[in-house]
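Let's take a walk through this model, looking at how some of its helices pack. Have the sequence and the 3D view open as you read.

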Amino acid sequence: MKVNNRRSVKLKKKTSAVIALCAALVVTLLLGAVAVYGLGTGSNPLIRPWVPRPNAWPESIALGLDLKGGVYVEYEASLSPEQVAGEADFNTLLSSTMDVMGRRLTDKGFAEATVSQIGSAGIRVEIPEVTDPQAVLDLIGTPARLEFYDADGNLFMDGSYVQSASPAYDERMLPCIQLNLTAEGQKLFGDMTSKNIGRTMPIYLDGELLMNPMVESAIYGTVQITGDYTTETASDVALQLQSGALPMELRQDKLDTISATLGQDALSTSVLAAMIGIALVMLIMIIRYRLCGVVASWALVIYVLILFMLIAVVPGIQLTLPGIAGVILGIGMAVDANVIIFERVREEIRAGRPLIHAVRIGFKNAMSAVLDANVTTIIAAIVLLAFGTGSVRGFATTLLLGVITSMISAISVSRFLLTRFARVVHKPSLFISGTAAQDESQKEAN
């Protein structure tokens, strides 16, 4: 009777393990389908399911400049003589300068552009997918200093009185720049125009004459600056005025462009190399560790899917060539954790423990080594992220995300799968090579 109960319990455990493995396989396939084809939001996911959608992870991953192509420029910021004399705070002005440049790029439609600090006084701007680099550089690097003079050539108002600037059309439907002044600016401009009726009042932008209109009447409201503008130039000038003048003087130190073709070639080559590497690792793991290798390969697939999902959904992450290196290193850490665990499991099997107990004790004994290896890598990634710039930060970001994901994968996913396999298959020799002698003792234990 006890034997029958024991067999019944084992059968139930085996059945539940099979169901759990099937459920894990379904989840893996669903993750893969979502990764390639997206969720089908806004349309029927059953219609043309082989067509990738915009919310599929490969399509939604933000690519860096070296993979997408574009332009990057480095500036050195410095204080003007007036700012030096006034003992201005350098770091505050540098941060403000970066904010102004970022606003100009965002308002112009370059949402994926990044502005970062290099060293103590450098600014690096990366702008993917730029068709006209010089126009963009003029946009972000131009101070946009607006000055209003009276008919006698005296400066009476500057751009600080401009509340907003926008492109518009004058009464002849020609492009112009429309300025909305502050209350103080409206009174100042209105009083000055009332004193200069019939005379010209020049307006300068960055020291160059923008227009020299004849004042026909006092203007206390909206100011329209007309001239030889196209719709695009009016929009650019208005954007420069709207975002404000750059608080610091900039000197361009470095400029480089990367073609979109070169970026795509680098991406396709990197992806192919990564796929070949992962396939070879899986093959070696299966040959060396048999069913444990199958478990490791399965867990590795889940790990890669989750990692790229996180890269796609976590804001602020751009995948670059150094970032891909961080991903591959994270994959190596995931495989390394599985190797440590499987070696501990093999030691327990050789010591004569039943398979299911060998798996549990092997995981327990391997945890300290796995945690130590991953924690030290996490600390290194955090240091690189805190003190690095540019490509170093890209590498550190994906490495940190990859190591955390691989640690969770090794501790939870691999353990879940291997424990269920041990309940379904009872031959140790199918799990670890060199353990055939334990098969007989395993039968007796079962």
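Some vocabulary to begin with: angles under 35 degrees count as roughly parallel, over 145 as roughly antiparallel, 65 to 115 as roughly perpendicular and the rest as oblique. The axes are lines fitted to C-alpha atoms, for helices over the stretch in contact, and the angles run from 0 to 180 degrees between N-to-C directions. Keep in mind that this is a predicted model, where local features need pLDDT of at least 70 and side-chain atom pairs count only at pLDDT 80 or more, while totals for chains, interfaces and linings use all residues. Residues are numbered from 1 along each chain as its sequence is written, and side-chain values use heavy atoms, with hydrogens and water left out.

Start with helix H12 (residues 355-387) and helix H13 (residues 391-424), where a helix is a DSSP run of H or I with at least four residues, numbered from the N terminus. Their axes come within 9 Å and cross at roughly 175°, so H12 and H13 are roughly antiparallel. Their contact takes in 23 nonpolar, 6 polar and 4 charged residues. Here Ala, Val, Leu, Ile, Met, Phe, Trp, Tyr, Cys and Pro count as nonpolar, Asp, Glu, Lys and Arg as charged, and the others, Gly among them, as polar.

H13 also packs against H11, at an angle of about 25° and with the axes 7 Å apart. That makes H11 roughly parallel to H13. The contact of H11 with H13 has 14 nonpolar, 10 polar and no charged residues.

Now follow H11 to its other partner, H10. The axes of H10 and H11 come within 10 Å and cross at roughly 150°, which means H10 is roughly antiparallel to H11. The residues in this contact are 13 nonpolar, 3 polar and no charged. On the H10 side, Ala 296, Leu 300 and Tyr 303 are among those in contact (heavy atoms within 4.5 Å); H11 brings residues including Val 335, Asn 338 and Phe 342.

Which residues line the largest cavity? They are Val 281, Met 282, Met 285, Ala 296, Ser 297, Leu 300, Val 335 and Asn 338. A cavity is a set of points on a 1 Å grid over the protein atoms alone where a 1.4 Å probe fits but cannot get out, and lining residues have an atom within 4 Å of a point. H9 (260-289), H10 (291-313) and H11 (321-350) each supply at least two residues of this lining. By class, the lining has 6 nonpolar, 2 polar and no charged residues.

Definitions and conventions: 1 Å grid on protein atoms, 1.4 Å probe; cavity = no way out; pocket = protein on both sides within 12 Å on 5 of 7 lines; lining within 4 Å.
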